[in-house]
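Trainee: Please take one part of this model and go through it closely. I would like to know what surrounds that part and what it pairs with.

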Amino acid sequence: MCNACGNPAVPGHWTEAGAATPGDRLRARFHRARVLDAILRPYGLTAHDGGVVPGIQVGTMAGASSIVQNLSEVWAEAERLNGTPIDPLDPRYLNDD
């Protein structure tokens, strides 16, 4: 954990359950960002978590971006940036193949 800013913060959001150590929380954040990026790419959006600042960066391919604090806020911001609804439960993302 960073002594200056406290990043990564202690777990507080349900998506951080099971990540007991700062290293676990960073690995979970990076994994979550990769999954979010794969889901948002077909919509022309990106998701990134560099592990340096708290939050997830959601952006467009044109360069507009925002930092949101948790997974719940990702969907609202992605829809705002995209201008259309985004369904994270779309069957194409739930297929294990």
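Mentor: At least two lining residues of the second largest pocket come from each of α1 (22-40), α2 (71-82) and α3 (91-94). This is a predicted model, where local features need pLDDT of at least 70 and side-chain atom pairs count only at pLDDT 80 or more, while totals for chains, interfaces and linings use all residues. Residues are numbered from 1 along each chain as its sequence is written, and side-chain values use heavy atoms, with hydrogens and water left out.

A pocket here is an open set of points on a 1 Å grid where a 1.4 Å probe fits, with protein on both sides within 12 Å along at least five of seven lines; a lining residue has an atom within 4 Å of a point. α1 gives the largest share of this lining, five residues. The space in the second largest pocket is about 170 Å³, counted as the space filled by probe spheres set on the points. Eleven residues line the second largest pocket, and the closest to its centre are Val35, Leu36, Ile39, Leu71 and Trp75.

Leu36 and Leu71 also lead to the part I want to look at, since both are among the residues that Ile56 touches. Ile56 sits in strand β2, and β2 covers residues 56-60. Helices (H or I, at least four residues) and strands (E, at least two) are DSSP runs numbered from the N terminus. The protein has three helices and three strands, in the order α-β-β-β-α-α along the sequence.

The three strands make an open antiparallel sheet, ordered β1-β2-β3. β1 (45-48) and β3 (65-68) are the edge strands, each pairing on one side only. Two strands count as paired if DSSP finds at least two bridges between them. β2 has four bridges to β3 and four to β1, antiparallel with β3 and with β1.

Individual partners can be read off as well. Ile56 has Val68 of β3 as its bridge partner, and Val58 faces Ser66 in β3. Towards β1, Gln57 of β2 is opposite His48. Four residues separate β2 and β3 in their hairpin, where Gly63 has a positive phi near 110°.

The helices cover this sheet. α1 lies across β1 and β2 and runs at about 180° to β1. α2 packs on the sheet and touches all three strands, β1, β2 and β3, with its direction at about 15° to that of β2. These angles run from 0 to 180 degrees between N-to-C directions of lines fitted to C-alpha atoms, for helices over the stretch in contact.

With four of its five residues buried, β2 is largely enclosed by the rest of the structure. Buried means under 20% relative accessible area, exposed over 50%, and partly exposed in between, using a 1.4 Å probe and protein chains only. Ile56 is one of the buried residues, at 3%. Over the whole protein of 97 residues, 34% count as buried.

Contact means heavy atoms within 4.5 Å. Leaving aside residues up to four places away in sequence, the contacts of Ile56 include Arg32, Ala47, Ile67 and Val74. Arg32 is 24 residues from Ile56 in sequence, and their C-alpha atoms are 9.4 Å apart. In the protein, among contacts with a separation of 6 or more, 31% join residues 24 or more positions apart.
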